[in-house]
Amino acid sequence: MVLQRLLQTGFTSTMKYVHFQRGRYVVRVTVPLELRGIIGKRELVAPLDADKRSAQRAALCIINGFLATIDDAHAKFAATRPTITSAAKAHYQQRSDLCRMV
């Protein structure tokens with residue numbers, strides 16, 4: 001899924017995650033709000049070399065790892081969310097429990 005996303009958007013667009021700060025290149029990927037509790041961070045950051053070419057080469061692997069971490073967190077988040085069926089069952093179970101108490 002991550003590689004598919006990189007191929008669709010093109011490798012040059014992945015450089016939007018690479019920033020030049022204080023004489024060094026850094027990879028920064030923001031974690032979506034709903035996944036921050038699972039990942040435990042607001043942003044994933046990794047330092048790179050000061051040389052632009054080597055930083056770009058290394059950035060692809062790091063970005064791929066960061067996006068894979070976010071994809072895994074998405075899967076965990078989706079697994080914890082109730083489906084419509086399970087939510088309806090829980091609702092009617094609560095209602096039947098209330099009716100039995102009366």
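Does arginine 22 count as buried, partly exposed or exposed, and at what relative accessibility? In this predicted model, arginine 22 has a relative accessibility of 84% and therefore counts as exposed, the threshold for that class being over 50%. The residue is placed in the loop between β1 and β2, and its phi is positive, at about 50°, although arginine 22 is not a glycine. As a general matter, most residues other than glycine have a negative phi. The loop in question belongs to a hairpin formed by β1 and β2, with two residues between the strands and arginine 22 in the turn.

The two strands of this hairpin run antiparallel and are joined by four bridges, and within the pairing glutamine 21 stands opposite arginine 24 of β2. The hairpin strands are part of an open sheet of three strands, in which the order is β1-β2-β3 and the pairing is antiparallel. Because β1 (18–21) and β3 stand at the edges and have a single partner strand each, one side of each is left without a neighbour in the sheet. On average, and with direction ignored, neighbouring strands of this sheet are turned by 30° against each other.

Helix α3 lies across β1, β2 and β3, and runs at about 20° to β2. The 29 residues of α3 should span 42 Å at 1.5 Å a residue, and the separation of 41 Å between its end C-alpha atoms agrees with that expectation. The helix nevertheless contains a kink of about 30°, centred on alanine 59. Alanine 59 is also one of the buried residues of α3, which include Ile63, Phe66, Leu67 and Ile70 as well as Ser54 and Asp71. In general, an α-helix has 3.6 residues a turn, so residues three or four places apart point the same way.

The largest nonpolar core comprises 17 residues, and those with the most contacts inside it are Val18, Val27, Val29, Leu48 and Ile63. At least two residues of this core are supplied by each of β2 (24–30), β3 (43–47) and α3 (52–80), and the largest share, seven residues, comes from α3. In soluble globular proteins, nonpolar side chains tend to be buried together.

Two of the core valines illustrate how residues distant in sequence are brought into contact. Valine 18, found in strand β1, has a relative accessible area of 16% and is therefore buried, since the limit for that class is under 20%. When neighbours within four places in sequence are left aside, valine 18 is in contact with Tyr25, Val26 and Val27, with Leu48, and with Ala59 and Ile63. The C-alpha atoms of valine 18 and proline 47 are separated by 9.6 Å, although the two residues are 29 residues apart along the chain. Valine 29, with residues up to four places away in sequence not counted, touches Tyr17, Glu43 and Leu44, together with Phe66, Leu67 and Ile70.

Further along α3, phenylalanine 77 has a relative accessibility of 25% and so counts as partly exposed. Leaving aside neighbours within four places in sequence, phenylalanine 77 is in contact with Glu34, Leu35 and Ile38. For the pair formed by phenylalanine 77 and glutamate 34, a separation of 43 residues along the chain is accompanied by a C-alpha distance of 8.0 Å.

Technical notes. Residues numbered from 1 in each chain as written. Predicted model: local features only at pLDDT ≥ 70, side-chain atom pairs only at ≥ 80, totals over all residues. Heavy atoms only, no water. Core = buried A, V, L, I, M, F, W, Y, C linked by side-chain atoms within 4.5 Å. Buried < 20%, exposed > 50% of the residue type's maximum accessible area, 1.4 Å probe, protein only. Contact = heavy atoms within 4.5 Å. Expected span 1.5 Å × (residues − 1). Bend = angle between axes of the 7 residues up to and from the residue. Pairing = 2+ DSSP bridges. Axes fitted to C-alpha atoms, helices over the stretch in contact; angles between N-to-C directions.
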